[in-house]
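Please open the structure in your viewer and keep the selection tool at hand. The tour begins at the ligand and then moves on to aromatic side chains.

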Amino acid sequence: SKTSLLDILKKWLRLLEEKCCVYQYYKVPQFNDNMQENQLYRQISTYLNSLPCLEDSNFINLFSGYKSNEINLLLDDSNQNIIVVDNFLGARVCWINEKDDKTGLNSFVLKIRKKDKRRLLRPYLQHIHTKFDEIEQRGNEVMMRLFININRRWISVPFTHPATFDTVVMEQDLKNKVKADLDTFLKSKQHYTRIGRIWKRNYLLYGPSGTGKSTFIAAMANFLSYDVYEINLSKVSNNSDLKLLLLQTMNKSLIVIEDLDIYLSYSCDKSAALTWSSAILNFMDGIFSCCGDERVMIFTMNNKDQIDQTVLRPGRIDFHMHFPLCDFNAFKSLATSHLGLKDHKLFPQLEEVFQNGSVLSHAEISEIMISNRSSPSRALKLVISAHQSHTKLLPSTTSDKIKTIQTNIEANVATKPPLWLSKSRSVRPVEESAVFPQGLRKSQSVRPVNELGTFGKESVNELSNFYGLIRIRSSRGGSRI
Ligand SMILES: Nc1ncnc2c1ncn2[C@@H]1O[C@H](COP(=O)(O)OP(=O)(O)OP(=O)(O)O)[C@@H](O)[C@H]1O
């Protein structure tokens, strides 16, 4: 046909042109010799992926987009010799994707006619830079990204965590302090340069599990509109991998290491803790930490007492934030947001039980409220009873939780009846003839005791159900170097 003949002709013309006309080639590797990401490579990749002519390229990946009916075309950098042809100032420029067989690293090769090079090269690269900034700007408005490490590389997914400083329940003063600290940090580029310090800020968030540390990190990211790089240390095999990961992070980002105490705690494995300490110290303020600007590093821990205190000294950690168990004020905020309660007749009683000490995390109270949304009174009673029974809800497996609570109940039932186990709000009267453990009398209003003097299957099921609703983070394991 006419078109295919035209195509063949064009192809021949191109081949002829390549033979006769001298082209200039420019290679843009993805990484430099120090394995630092070449920003130009990133800009070109983003730019090429935005070109409508991408669909004319010889090999392209198709992905479903963010919206359900959207299809995105993306360069496949695992394949080599993919050609994308662009037009700039009336000239034809050609990009070829190459992959080094030995190292497996990618690069882009720009091919332009020699006669065009003076006129085109600089304005074209400037054009790519400007387009990249525009795309990033748009992207940031639409979507931030969460990066996670797979060994020595990052992969990313859209960051869509809805937490904000308004939704995180904590002391307002502390929230304001953090906001002010971040605001000052953002405006302080010149100050940091003047005093010869790297423009970064390190935070330590510490406290029991489920008190909102990770949620607060998400709120900080949303406040700053920064991408988040979450380093999973169990996927990092040594100090240089950690450096490499740091080198590949971008400016204006949050770099997070969660549960650092697991790796640094002397009580577990002293030599591993020492190795990690040195790696983390380098990471926090070593010479490598100066690559890049405007970064906030966040470390979380359950307990900061069992680790080498040099890790926590000023300069390494600039801001310490304690996340305690849920107190009465926090409880009231959760009751408002989760149950729509501003006040309740049980609040005075709740205030009293909280005064004797908090035993539940925000996560645990949230779950009680979420699973009893249809009955706020029941949710409040469960919180009261959990405090009264002084039951720690921390064992990691459901069967352990059930065992723990049963033991607690059996030990305490005579003095502290765990009413919160009862599904019905009214307390069932105890039969005169029933046999009760530990001399329980009928005047004591507790419910689920069977003839054998133990909690029946039904009660254990209730426990299972109750605990099943509590989302406690999986046991905090992880391999070490
Ligand atoms: N202070 C809080 N304000 C609002 N919600 C909270 C708070 N703390 C916990 N939550 C709720 O509990 C869940 C778990 O909290 P989160 O993961 O932030 O706790 P954590 O302190 O990071 O726990 P861990 O130490 O186990 O990582 C969150 O999804 C959130 O819904």
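Select Lys213 together with the ligand: in this predicted model, a polar atom in the side chain of Lys213 lies 2.8 Å from an oxygen atom of the ligand. Add Ser209, where an N or O atom of the side chain is 2.5 Å from a ligand oxygen, and then Thr211, which takes part through its backbone, with an N or O atom 3.1 Å from an oxygen atom of the ligand. How much of the ligand's accessible area does the protein cover? On its own the ligand has 620 Å² of accessible area, and the protein covers 85% of that.

Now widen the selection to the whole shell, which holds 15 residues, with Val169, Ser209, Lys213, Ser214 and Thr215 as the closest. By class, the shell is made up of nine polar, four nonpolar and two charged residues. If you colour by secondary structure, look for α6 (213-224) and α12 (362-371), the elements that each give two or more residues to this shell; the largest share, three residues, comes from α6.

Leave the ligand and display the side chains of Phe, Tyr and Trp, among which the structure holds 18 aromatic pairs. Select Trp154 and Tyr229, an edge-to-face pair with 4.9 Å from centre to centre and 75 degrees between the planes. Trp154 belongs to strand β8 (residues 153-159) and Tyr229 to strand β10 (residues 227-231), so that the pair links parts of the chain that are distant, 75 residues apart. Are these two rings buried or exposed? Trp154 has a relative accessible area of 12% and counts as buried because the cut-off is under 20%, and Tyr229, with 2%, is buried as well.

Next, select Phe328 and Phe347, which also form an edge-to-face pair, here with 6.2 Å between the centres and 85 degrees between the planes. This pair joins helix α10 (residues 328-339), which holds Phe328, to helix α11 (residues 347-355), which holds Phe347, across 19 residues of the chain. Phe328 is buried, with a relative accessible area of 11%, and Phe347 is buried too, with a value of 5%.

For a group of rings, select Tyr41, Tyr47, Phe88, Trp95, Phe108 and Tyr124, which form one aromatic cluster. Finish at Tyr23 and turn the view until you look down on its ring: Lys111 lies over the face of Tyr23, 4.6 Å from the ring centre.

Technical notes:
Residues numbered from 1 in each chain as written. Predicted model: local features only at pLDDT ≥ 70, side-chain atom pairs only at ≥ 80, totals over all residues. Heavy atoms only, no water. Near = heavy atom within 4 Å. Polar contact = N/O pair within 3.5 Å; in protein donor to acceptor, adjacent residues only side chain to side chain. Areas by Shrake-Rupley, 256 points an atom, 1.4 Å probe, with all protein chains shown as cover. Helix = DSSP H or I, 4+ residues; strand = E, 2+ residues; numbered from the N terminus. Nonpolar A, V, L, I, M, F, W, Y, C, P; charged D, E, K, R; others polar. Phe/Tyr/Trp six-rings, centres within 6.5 Å; stacked < 30°, edge-to-face > 60°. Buried < 20%, exposed > 50% of the residue type's maximum accessible area, 1.4 Å probe, protein only. Lys NZ or Arg CZ within 6 Å of the ring centre and 35° of its normal.
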